[in-house]
Amino acid sequence: MGKTICSAVAALTLMAQNAMGQEPEILWMSGSHSGGVSSVRFSPDSALLYSGGMSDQTVKVWRVSDGRLLRTINAFYAGVRMVAPSPVNGRYLASVADASFGSGEPTLKQWSPADTSPRPAFYAAGSVDLPLFSLAYSRDGSRIAVGNNRYEIDVYDAATGSLLHRLFGHNWFSFGLAYSPDGKYLASASGDQTIKLWDATTGELVRTLTGHTFFVDGVAWSPDSRILASASWDGTVRFWNPETGASLRTVDLGDESAMYAIAYAPDGATVVTGGTSEDGTGSVYLIRVADGAILQTLSPAHPGALFDLTYSPDDSLIASSGAGSAIHTWHAGTGTYNRQISANRAAVPDVDVSPNGLLVADCGGLTPGGDIGGVVEIMQSSDG
């Protein structure tokens with residue numbers, strides 16, 4: 001079964017790789033950002049691709065089937081940091097900008113992709129001039145949570161934009177937010193070395209998970225919501241019982257390592273985590289949840305820090321992006337290397353897998369030669 005890898009760094013390019021190791025064939029190319037692209041996400045039906053431009057401050061909507069640029073949204077006065085469609089039906093598209101201090105502009109806006117109005121469906125009045133570091137939709141798409149630079153987490157009604165809860169308690173930024181699949185909890189990972197669990201309905205703090213000794217960058221829920229996994233700059237991955245707060249097991253990946261990202265396999269049996277290893281390369285590890293065993297150190301490593309990684313929804317592929325002009329993919333079941341997808345960029349900071357399991361999106365900015373690019377590409381990679 002083929003996978004399509006989409007890389008975003010002045011074009012949307014569909015490429016096909018029909019055999020292991022072959023260079024992708026360019027099928028089409030159209031449209032452009034005028035500068036670096038920070039984020040790409042697929043719509044829930046995998047038909048559209050959204051991209052956010054750091055330099056041109058726009059959000060673009062692309063049709064995946066033929067690469068047609070459907071819409072350009074002049075979103076902000078500052079660069080677009082993140083884009084995220086609402087789950088389930090993709091009715092809304094959230095966008096987060098770098099703060100433009102003194103502009104009086106909200107840094108969280110939500111759009112209706114099907115609407116051609118230049119006005120957002122809502123803007124979060126509580127986010128004016130506030131840098132935001134994380135964003136998560138609830139699983140039913142009814143709420144949006146964002147972490148700001150005042151160490152708060154704001155929860156908004158996704159339909160109206162009204163502020164439902166302002167969550168206090170962290171002493172540093174919340175780098176990662178994740179709603180549990182059962183809708184019971186919102187987990188927040190913070191630079192204050194803790195994870196907090198909040199009641200997703202009332203916004204009340206349920207418990208604080210302690211044990212990490214450096215920034216906690218990522219959290220991921222098991223599919224059944226019974227285990228929470230966290231990745232930290234202290235070089236460890238921890239597994240937690242959310243009902244008791246107990247630490248179930250700790251996986252040590254090295255005193256000089258720093259883990260930035262973590263993702264659960266769709267079957268719940270493994271997690272994949274990555275960051276910077278002791279030798280400064282961007283490493284990826286496959287870990288068995290049941291006993292914390294490191295099943296595989298996935299190679300080759302990125303030449304610098306790893307920025308993002310993900311599983312395909314069908315549990316067959318792992319994809320990672322980071323420093324260096326390549327995307328790496330592995331077979332999820334065995335950890336064996338699938339292929340490297342070359343990208344004409346110095347770094348690839350984001351990666352996403354489409355809901356139908358056929359597409360993987362990534363994005364970037366500077367080319368190896370130092371020029372700022374704005375290319376959005378889609379490439380196909382056979383996984384076997």
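# A walk through an all-strand model

Let's start in the middle of the chain, with strand E17. On one side of E17 sit Tyr185, Ala187 and Ala189, on the other Leu186, Ser188 and Ser190, and all of these are buried, so both faces of the strand are covered. In other words, 6 of the 6 residues in this strand, residues 185-190, are buried, so E17 is largely enclosed by the rest of the structure.

Before going on, a word about what we are looking at: this is a predicted model. The protein chain has 34 strands and 0 helices. It contains 384 residues, and buried ones make up 59% of them. Its accessible surface comes to about 14300 Å², with 50% belonging to carbon and sulfur atoms.

How confident is the predictor? The average pLDDT for the protein chain is 80, and 78% of the residues score at least 70. Please keep residues 1-30 in mind, though: the pLDDT there is below 50, while the model gives this stretch 145 contacts beyond near neighbours in sequence. Residues 366-373 also stay under 50, and for them the model has 22 contacts beyond four places in sequence.

Now back to E17 and its partners. On one hand there is strand E16, residues 174-179, which pairs with E17 in the antiparallel sense over 5 bridges. The hairpin of E16 and E17 has 5 residues between the strands, and glycine 183 takes a positive phi near 75° there. On the other hand there is strand E18, residues 195-199, which runs antiparallel to E17 and is joined to it by 5 bridges. That hairpin has 4 residues between its strands, and glutamine 193 in the turn has a positive phi of about 80°.

Which residue of E17 is the bridge partner of leucine 177? That is serine 188. Serine 188 also stands opposite lysine 196 in E18, so if you want one residue to find in the viewer, try serine 188, with a link to E16 through leucine 177.

Let's move along the chain to the largest nonpolar core. This core has 15 residues, and those touching the most other members are Val237, Phe239, Ile262, Tyr264, Val271 and Ile287. Strands E21 (228-232), E22 (236-240), E24 (258-264) and E26 (282-288) each supply at least two residues of the core. The largest share, 3 residues, comes from E24.

Take phenylalanine 239 as an example. Leaving aside residues up to four places away in sequence, phenylalanine 239 touches a list of residues including Leu228, Ala246, Leu248, Val251, Tyr264, Val271 and Ile287.

My last stop is threonine 270, in strand E25, residues 270-276. Is threonine 270 buried or exposed? With a relative accessible area of 14%, it is buried, because the cut-off for that is under 20%. Among the residues threonine 270 touches, again not counting those up to four places away in sequence, are Ala263, Tyr264, Leu286, Ile287, Leu295 and Tyr311. With tyrosine 311 there is also a polar contact of 2.9 Å between the two side chains. And if you look for glycine 292, 22 residues apart from threonine 270 along the chain, the C-alpha atoms of the two are separated by 8.9 Å.

That's the tour. Thanks for listening!

How values were computed
Residues are numbered from 1 along each chain as its sequence is written. Side-chain values use heavy atoms; hydrogens and water are left out. Buried means under 20% relative accessible area, exposed over 50%, partly exposed in between (1.4 Å probe, protein chains only). Two strands pair if DSSP finds at least two bridges between them. A nonpolar core is a set of buried Ala, Val, Leu, Ile, Met, Phe, Trp, Tyr and Cys residues joined through side-chain atoms within 4.5 Å. Contact means heavy atoms within 4.5 Å. A polar contact is a pair of N or O atoms within 3.5 Å; within protein, one must be able to donate a hydrogen and the other to accept it, and residues adjacent in sequence count only if both atoms are side-chain atoms. Accessible areas come from the Shrake-Rupley method with a 1.4 Å probe; for residues, only the protein chains shown count as cover. pLDDT is the predictor's confidence in each residue, from 0 to 100.
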